[in-house]
Amino acid sequence: MTASPDTTALVRRLSSFCLPDGGVPYYKGAGASAEPTLLVLLALFASGSSPVQRKPLLAWISSLQNPDGSLGLDPLHRDQGLWLTALSAVTFHHCGPKDARDRALGFVASFRSVTMANDPNVRQDNTIVGWPWVRDTFGWVEPTAWSVIALNVCGRGDDPRAVEGRKFLLDRRIPSGGWNYGNPGINDRELLPFWDTTGLALIALHGQAEAVRPGLDLLEKNQERIDSPCGLAWSVMSLEGLGREAAPLRQRLFGIMNSLPDDGLNAAHFAAGLIALSGRKVFFP
Amino acid sequence: MRRRDFLKGTAVLANAAVFGDFRESGSQLSPAPCPVTLLGMPDYGRDLEKDIAAVMTRDGLALKGKKILLKPNFVETHPERPINTNPAVIAQVAHACLRLGAAEVMVGEASGHRRDPWFSVLNPKLRTILDKRVKCLDLNHGDAAMVPNKGGLTRLPAFYLARPVAEADVLISMPKMKTHHWTGVTLSLKNLFGTLPGIYYGWPKNLLHFRGIERSILDLARTVKVHYNIIDGVVGMEGDGPIMGKARPVGVLVLSPFSLAADATAARLMGFNPRKVLYLVQAGRFLPGLRPEDVALRGEDPKRFATQFDCLDDFKRMRGGPFF
């Protein structure tokens, strides 16, 4: 891994998104939301900021946790976006409190996707349980990857749900490498991989060298084509976290993050970029 | 779920009794024919901004001083497939709105498959061709307004609408002319899925699939007020749409204040009989414009554009024509 660039200005810029109550919106001018707040909290942690700097964000996010350990989108929609609970477990693991982390993990372990009969037109096993975006719906790659990552990071990678989650991710892998939102192909035709989802799934499959190789190869081969801050962030985190070089991607990510205008800047993606640039493996056990 | 099972399920939609009588409340049916204008656009290099503005004006769309939201379709991105509303069309419509005195013009989308808005309305390539006054909004990540579900077919009590959609004075639905592997065709009405933020509904919006795609389309058609529709049929998608199909050049923009009239006309241009597309039939119980006699066709001769889109075998029964 190459040396981390000086991200002081980027951290300062990200901090400017924080609202007085401690929450962070996806975009400037909007209301605070859980996902950007969680990722900004992790980015500040990864960038070496002090607990005092992180305190308002931690207080905001802690107050959002429901009694059952789940975490919703924002104070007005506490029952929506429960897929965010996995990310909250990772954040509480690094930034405390641990009892909040354990409650979150308890919810993650109980949150299940529904299954259905297999379809000959879609080459995937619909009977494997993963994690859904929305309660009582089907499982998809991103919420499943987040949940497996949470269990891995918190030392519960051997939990049967994590084991089945990894099986789910391997089943949804596109044959030539990578992942999209959830189907490897339809009617014998492969779907296109997404860089962000591929990075997340690879991180979730940490420790399975053979399983991650095609996805890592795919990201390496397509380095020139990856140009979004979000795609770059997750590509850098997965490649470097799993032992590959990603210097050109890291350099491009740094350049793009320094050139993005505030208009249209997604704080969650910017925070993911900072985590990647920090080199801290916050999503790995 | 298998497509055949899904289609068997949707056959129930043909049974009006299942859904009660839509016309009893909130019906938007009108005795006057719905204007639908066809503008020839052989390729995306043509500049139709003035023509689009003229048609919108003739259709009575008042934009002066209003906050306008353009809702294109950016469900997924593939370098070789015409999946999305073309940026050139988006730009021309946005600039036509500014020309007509709109106070604010926004382009917003809650992409159905792609979380990363770089592949949708926040792509720098779109930004660079838009006037600086036009804002691009990622509707997947942001505030939402809970609005009661006026349809009730999905049994969802309410929808979380992206706040810019709820707060716009004028909403313009701008879909791509495509086949759809679950519903036959996807046009202005189906495009409303992209008004619902992914942080509430996921990627894809699986909750709507679970509640029934066609029921969801119909509920959204009842709940979301659309003021105008512009269908990008310059290059459509045939075959295994809306993602895996092939390009089908048609060379037309379809414009109308009436969503169903726009969709039914576009379906006819594609060689589908809208009276065999079940969600369009059901929408015809509360929206005007399903039948040819409900439509006042304007602009260019539809025979110039009428064609036969290839489609999956399951949907060949929805074909019909010639209609023009």
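**Backbone, helix H12 and core**

Me: Between which two strands of chain B is the loop that holds Arg155(B)?

Reply: The model is predicted: local features need pLDDT of at least 70, side-chain atom pairs count only at pLDDT 80 or more, and totals for chains, interfaces and linings use all residues. Residues are numbered from 1 along each chain as its sequence is written, while chains are lettered from A and ligands numbered from 1 in the order in which they are written. Elements are DSSP runs numbered from the N terminus, helices being H or I with at least four residues and strands E with at least two. The loop with Arg155(B) lies between strand S5 (144-148) and strand S6 (158-162) of chain B.

Me: Is Arg155(B) buried or exposed?

Reply: A residue is buried if 20 or more other C-beta atoms, placed from the backbone, lie within 10 Å of its own, exposed if 12 or fewer, and partly exposed in between. Arg155(B) has 11 other C-beta atoms within 10 Å, so it counts as exposed.

Me: What is phi of Asp136(A)?

Reply: Most residues other than glycine have a negative phi. Asp136(A), in the loop between helix H5 (98-110) and helix H6 (141-153) of chain A, has a positive value although it is not a glycine. Its phi is near 65°.

Me: Which residue is joined to Trp203(B) by a cis peptide bond?

Reply: Most peptide bonds are trans. In chain B, the loop between helix H7 (198-201) and helix H8 (206-211) contains a proline, and the cis bond there has omega of about -5°. The residue joined to Trp203(B) is Pro204(B).

Me: How far apart are the end C-alpha atoms of helix H12 of chain A?

Reply: The expected span of a helix is 1.5 Å times one less than its number of residues. For the twelve residues of H12(A), 267-278, this gives 16 Å, which agrees with the end C-alpha atoms being apart by 16 Å.

Me: Which helices of chain A are included in what covers the buried residues of H12(A)?

Reply: Twelve of the twelve residues of H12(A) are buried, so the helix is largely enclosed by the rest of the structure. Contact is counted where the C-beta atoms of two residues, placed from the backbone, lie within 7 Å. The cover includes helix H1 (8-15), helix H2 (34-46), helix H10 (229-241) and helix H11 (247-259).

Me: Which element gives the most to the largest nonpolar core?

Reply: A nonpolar core is a set of buried Ala, Val, Leu, Ile, Met, Phe, Trp, Tyr and Cys residues joined through C-beta atoms within 7 Å. The largest has 202 residues, and Val40(A), Ala271(A) and Leu70(B) are among those with the most contacts inside it. With ten residues, the element that gives the most to this core is H2(A).

Me: Which residues of H12(A) touch Val40(A)?

Reply: Neighbours of Val40(A) within four places in sequence are left aside. Its contacts include Leu14(A), Phe17(A) and Leu57(A). From H12(A), whose buried residues include Ala267(A) and Ala271(A), the partners are Ala267(A) and Ala271(A).

Me: What is the radius of gyration of chain A?

Reply: The value is taken over C-alpha atoms, and the globule rule is 2.2 Å times the number of residues to the power 0.38. For 285 residues a compact globule would have a radius near 19 Å, which agrees with the value for chain A, 18 Å.
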